[in-house]
Amino acid sequence: MSVPDAGRYLLHFDASSMRAGEGRLSGLQLDHFREEGGAFVCAEGETLEGTLPALTTDIRCAGETLLAYRGTRKTFTVLSNNRIYLVGATVLRVLEVTESSGGKSIMALCDDAIYLFSNVNVSTTK
């Protein structure tokens, strides 16, 4: 049996539009399927990736990291370790960057600045 080609996708879910009027998302399930014998079958089974914090208004994916944005607090929470980062009011894009040392960081492009999330702190560049 051959393994199908893998792909990487940038995901952005605007939770406020998913539940119009409430602006809160209580849960989200993403399933990954592959084609086999002319039908779609589950590729890996279920794995819990994290629990969304209360008042989550937006979900972003950077590389393999899922982040929950809370607009009222202007924070991102990394779902894998619950680390919280303060960012600007309007988030334009979130992406994973590779540092010169080979390490990975997350960068959030906002209306007021560019925020770099590291393991120790948040540094801001305008």
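# Reading buried residues and strands

Trainee: Let me start with one residue: is Cys 110 buried or exposed?

Mentor: Buried means under 20% relative accessible area, exposed means over 50%, and partly exposed is in between (1.4 Å probe, protein chains only). Cys 110 has a relative accessible area of 8%, so it is buried. Cys 61 counts as buried too, because its relative accessibility is 8%. Before we go on, some housekeeping: this is a predicted model, where local features need pLDDT of at least 70 and side-chain atom pairs count only at pLDDT 80 or more, while totals for chains, interfaces and linings use all residues. Residues are numbered from 1 along each chain as its sequence is written, and side-chain values use heavy atoms, with hydrogens and water left out.

Trainee: With cysteines about, how many disulfides does the structure hold?

Mentor: You look for a pair of cysteine sulfur atoms within 2.5 Å. This structure holds zero disulfides.

Trainee: How do I read the overall layout, and which elements does the chain have?

Mentor: Helices (H or I, at least four residues) and strands (E, at least two) are DSSP runs, numbered from the N terminus. Here you get one helix and eleven strands. Going from the N terminus, the order is β-α-β-β-β-β-β-β-β-β-β-β.

Trainee: And what about the chain's surface: how much is exposed, and what share of the residues is buried?

Mentor: Accessible areas come from the Shrake-Rupley method with a 1.4 Å probe, and for residues only the protein chains shown count as cover. The chain exposes about 8600 Å², with carbon and sulfur atoms supplying 51% of that. Of its 126 residues, 28% are buried.

Trainee: Which residues touch the most other members of the largest nonpolar core?

Mentor: Nonpolar side chains in soluble globular proteins tend to be buried together. A nonpolar core is a set of buried Ala, Val, Leu, Ile, Met, Phe, Trp, Tyr and Cys residues joined through side-chain atoms within 4.5 Å. The largest one here has 15 residues, and Leu 67, Phe 76, Val 87, Val 94, Ala 108 and Phe 117 touch the most other members. At least two core residues come from each of β5 (65–70), β6, β8 (91–98), β9 (104–110) and β10 (114–117). The largest share, three residues, is from β9.

Trainee: Take Val 87, then: what is it in contact with?

Mentor: Contact means heavy atoms within 4.5 Å. Setting aside neighbours within four places in sequence, Val 87 has contacts with Tyr 69, Lys 74, Thr 75, Phe 76, Ala 108, Cys 110, Tyr 115 and Phe 117.

Trainee: How do β8, β9 and β10 pair?

Mentor: Two strands pair if DSSP finds at least two bridges between them. β8 and β9 are antiparallel over seven bridges, and Val 94 has Ala 108 in β9 as its bridge partner. β9 and β10 are antiparallel over four bridges, where Met 107 is partnered by Leu 116 of β10.

Trainee: What joins these strands, and what's going on at Gly 102?

Mentor: Three residues form the hairpin connection from β9 to β10. The hairpin of β8 and β9 has five residues between the strands, and Gly 102 there takes a positive phi near 100°.

Trainee: Which side chains of β10 point to the buried face?

Mentor: The side chains alternate along the strand: Tyr 115 and Phe 117 point to one face and are buried, while Ile 114 and Leu 116 point to the other and are not.

Trainee: Where do residues other than glycine take a positive phi?

Mentor: Leu 55 is one of them, with phi near 70°; it lies in the loop between β3 (39–42) and β4 and is partly exposed at 38% relative accessibility. Asn 82 has phi near 60° and lies in the loop between β6 and β7 (84–86). At 52% relative accessibility, Asn 82 counts as exposed.

Trainee: And Thr 77, buried or exposed?

Mentor: Thr 77 is in strand β6 (residues 75–78) and is buried, with a relative accessible area of 3%. Not counting residues up to four places away in sequence, Thr 77 touches several residues, including Pro 53, Leu 66 and Asn 82.

Trainee: Last one: what does the side chain of Asp 58 join up with?

Mentor: A polar contact is a pair of N or O atoms within 3.5 Å; within protein, one must be able to donate a hydrogen and the other to accept it, and residues adjacent in sequence count only if both atoms are side-chain atoms. The side chains of Asp 58 and Arg 60 make one of 3.1 Å. Asp 58 sits in strand β4 (residues 58–62) and counts as buried at 8% relative accessibility.
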